[in-house]
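Got the model open in your viewer? Let's walk through it one selection at a time, starting small and zooming out.

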Amino acid sequence: MPFIPHTDADVRDMLATIGVPNIDALFDEIPSSLRCGVLACIPEALTEMDVGRLMQERAAQDGRPLNFIGAGAYEHHIPAAVWSIVSRGEFYSAYTPYQAEASQGTLQLLYEYQTMIASLTGMQVANASLYDGASAVAEAALMAVRAHRRSTSARILMPTTLNPVYRQVTRAIAGNQSLNFEMLPYVPGSGTIDATALDKWKGQDVTALVIQQPNFFGQLEDVDALTDWAHANGALVIAVVNPTSLALLKPPGEWGQKGVDIVVGEGQPLGVPLAGGGPYIGFMTTRMEHVRQMPGRIVGRTLDLDGKPGFTLTLQAREQHIRRSKATSNICTNQGLLVTAATIYLSLVGPEGLERVAAASQARTRELVAALTKVRGVRAVFNGPRFHEAVLTLDRPVGPVLEALAVQGIVGGYSLAEHYPELGNALLVCATETRNSNDIARYAAALASLLS
Amino acid sequence: MHEKLIFEHSRTGRTATAQFPAAEAADIPAGLRRKQRPLLPEVSELQVVRHFTRLSQLNFSIDTHFYPLGSCTMKYNPRACNALAMLPEFLSRHPYAPEATGQGLLGCLYELQEMLLEVTGMQGVSLTPMAGAQGEFAGVAMMRAYHQSRGDLARVEIIVPDAAHGTNPATATMCGCKVVEIPSLPNGDIDIDALKRVVGPATAGIMLTNPSTLGVFERRIAEVAGIVHDAGGLLYYDGANLNAILGKVRPGDMGFDVIHMNLHKTFSTPHGGGGPGSGAVGVGKRLLPFMPIPVVGTQGNQYRWLTEKDLPQSIGRLSGFMGNAGVLLRAYIYMRMLGRPGMQRVSEYATLNANYLLARLKAAGFDAAYTDRRASHEFIITLKRQSRELGVSAMDFAKRLLDYGFHAPTTYFPLLVPECLLIEPTETEAKEELDGFVDAMIAILAEASSDPDKLHSAPHTLPVRRLDDVRAAKQLDLTWKPAQA
């Protein structure tokens, strides 16, 4: 029997100890009228060899196309050591460190992670993770409403330069608690938040302003001015950031005069594979004054009976298993194993490595934009500084072009037709340090022949 | 055993340069540029490998220890599920790559949906929730959307038994609902009279786990379903304990309208030191239009994602892409290896192990919380008597078990049973492992009489002694700070 160790003799002994004639007797409290029959739609069991062959076939069917999409998930080099350690059973098959003394490895790692991500974002404290970047924005909006005691409007200003799926997820998760989301348009030339649109909210009760940097288009926002505007108007600031970019970009803790109040983002670029969309990591950091409003697990360093340092889950009075209906969030299981990957990744690349990854990604995107905009019918849409993504337009609908590129093994970008129809035949492209000049030339040549 | 912080291994200028791309000039305006480097360690690759390997060795895990944590289903995570989910084609797939280049992955996910439909008896499945609590959120949000779609706006109350997981009431709050708690009877069943008193025109639904968190099957579930449905409410099934009934009874047949499954419990995807999980949801006919998106559908002989265009009444998206795809793949591989008879064996042997362990512990002088009931896949021991007579607590027992090489059961949950241990052995443990656990419990009980201080001050053999939680919460130390130069 796969994964069940019992011999016939074991079963006989155990049934005798319990005092029942057979295993089925153990289910005698389930009303017989409810018992189900054979699960006809479940296929017969496969051996490891056979399921291995099946999965190899499925994988081969998908292949490994050359990828030029970012849009919230980025293909970076992952050092071999990362997943070789993450896959160790002591990390892989442990659970939430409720028994601190038997979980010091996980707990110390989480403390190291909290230190790294807090420093990277320029904030004082971090939690041990949320599900992903999108749901982290929803949690940040809810947290801002709790933290901002003087604001009663529960009004969150969300720019259209924030990842459109993050906006959808935030509405789906936080919308049930009567938050009001107001949209801020972008300037057509720069692809950044239209600061004049903020005038409408001057003197009004605004709970928080969300700023994504770099924004969904890859463009860099004027974060200092936006942060100062929000604080001057009594609003908190929620920053949504790409962790790789923070090796080069000013951390949210230093935006404007005072720095932002809550930082969230998608931690996937830090050692987590694209993997078809997950599992990823939502990260969250904040100021110490808001720590009790933060959702999720938090690890603290303390002392044991002998006065020796050790680590434990702390501030649990915020959480669902203690506070129940008054908890800061219902989150319980989060993304521990991915945090393990991110912590090992950040340790391997260090401050200089992360800077080089960020700079190389920016350089490859520059090279990609230069190569693609040489193709007739392709042009860049926005001016101004950007990080490692860019919006291009084509002289024809994007969908069929992407499908034709896919046939040639090239994943050419993310169509903006659904979320930004006003941009016409627009495409969001990305190149990280994992793309080289040959890859870029191959894409440019394929596109040129398709558009000719 | 003690391992320094990774920051304490750091030396300025030390690098792991094999992991670096070449240096290049960045093009960032001065005003937007970072001025001071972040506090990341500067260490060699060997130092990283050694540090995190040593940290791993400070953990208990399924792979190293019996881990009978009640309500968590800490069963063996087959290695093949990890190895095959990490084939390079799956790992390198961008979630927005065209569907035509993802038919292999989508096919696996579609078949997973179909298998989950079969084992739950529901009508539709969405795989997108990223953990049990998000599955709960999806479920309650769907119930709310259903009532609202009918103009039944007054239905904002969610009924929750007092034994429920904390996530249940927390979820109800997140969905903008009000929580109404009902008590359990001394035999562990729901108090039906109390239920009848609280249902009414404000009832949105009830959230139940069956078997309940008390480790017993709710025998009058059909009656409960009738009462809630007659009052116009819906039934939510918390799938935390699905391992107990897999292939024996299906939530859909019990009358539930919506369920979430913890794939990291029942379908053996790794717990990962606190995730990732997966909280796939299943729905009955009435909630089909409200499922969270995306869902895998078919068009001709191709698989594709169903989105808001296909499900305009959906409660929406809960994740940036499509949920924890890699976790879903592991669950799919596990289910294919179990196959039809294997699926039923899970609940049979999980229940056999729990009842055997309960019988042996009772014989050894421990008190079951529900003496006359059959254990499901887990059961509760109460140490109330030992606490009164010997002055040792459930926590003392739990900590001392660590010294004997066993991860502690869940302690002090459910909250209504005093000094309790919630014990879930799972089907993948051998009889001799269970016997070893009983031997340890007997030895600890003897120590509780002869040398109770040994329990109060446990653990004695772990990397740290008992930790000061009060200090941790009062003198917050949440990040490391370098010593002032």
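Select L392(A) and look straight across the strand pairing: L427(A), in β15(A), stands opposite. Keep in mind as you go that this is a predicted model.

Now widen the selection to the two strands around that pair. How many bridges join β12(A) to β15(A)? Five, with β15(A) spanning residues 426–430 and the two strands running antiparallel.

Next, bring in the rest of the sheet. Four strands of chain A make up an open sheet, ordered β11-β12-β15-β14, with antiparallel pairing. Which strands stand at the edges? Colour β11 (379–380) and β14 (414–415) of chain A: each has a single partner strand, so one side of each is left without a neighbour in the sheet.

Then show helix α10 of chain A, which packs on this sheet and touches β11, β12 and β15 of chain A. Turn the view until you can compare directions: α10(A) makes about 10 degrees with β12(A).

**Out to the domains**

Colour chain A by domain. You want three colours: 8–62 for domain 1, 66–77 + 352–451 for domain 2, and 80–343 for domain 3. Note that domain 2 is written as two segments.

Put a marker at the C-alpha centres of domain 2 and domain 3 of chain A, and the distance between the markers should come to 28 Å. Where these two domains of chain A touch, domain 2 contributes 24 residues and domain 3 contributes 21 residues. On the domain 2 side, the elements that give two or more residues are α10 and β12 (389–393) of chain A. Which of them gives the most? That would be α10(A), with six residues. Colour that domain 2 side by class and you'll find 13 nonpolar, seven polar and four charged residues.

**Across to the other chain**

Finally, turn on chain B. The contact between the chains takes 165 residues from chain A and 173 residues from chain B. Go back to helix α10 (residues 336–372) of chain A: the largest share of the side that touches chain B, 22 residues, comes from this helix. Recolour that side of chain A by class to pick out 86 nonpolar, 49 polar and 30 charged residues.

Before you close the session, check the confidence. Chain B has a mean pLDDT of 96, and 100% of its residues reach 70 or more. For the model, ipTM is 0.97 and pTM is 0.98.

Methods: Residues are numbered from 1 along each chain as its sequence is written. Chains are lettered from A and ligands numbered from 1 in the order in which they are written. This is a predicted model: local features need pLDDT of at least 70, side-chain atom pairs count only at pLDDT 80 or more; totals for chains, interfaces and linings use all residues. Two residues are in contact if their C-beta atoms, placed from the backbone, lie within 7 Å. Ala, Val, Leu, Ile, Met, Phe, Trp, Tyr, Cys and Pro count as nonpolar, Asp, Glu, Lys and Arg as charged, and the others, Gly among them, as polar. Domain bounds come from an automatic or database domain assignment. pLDDT is the predictor's confidence in each residue, from 0 to 100. Two strands pair if DSSP finds at least two bridges between them. Axes are lines fitted to C-alpha atoms, for helices over the stretch in contact, and angles run from 0 to 180 degrees between N-to-C directions.
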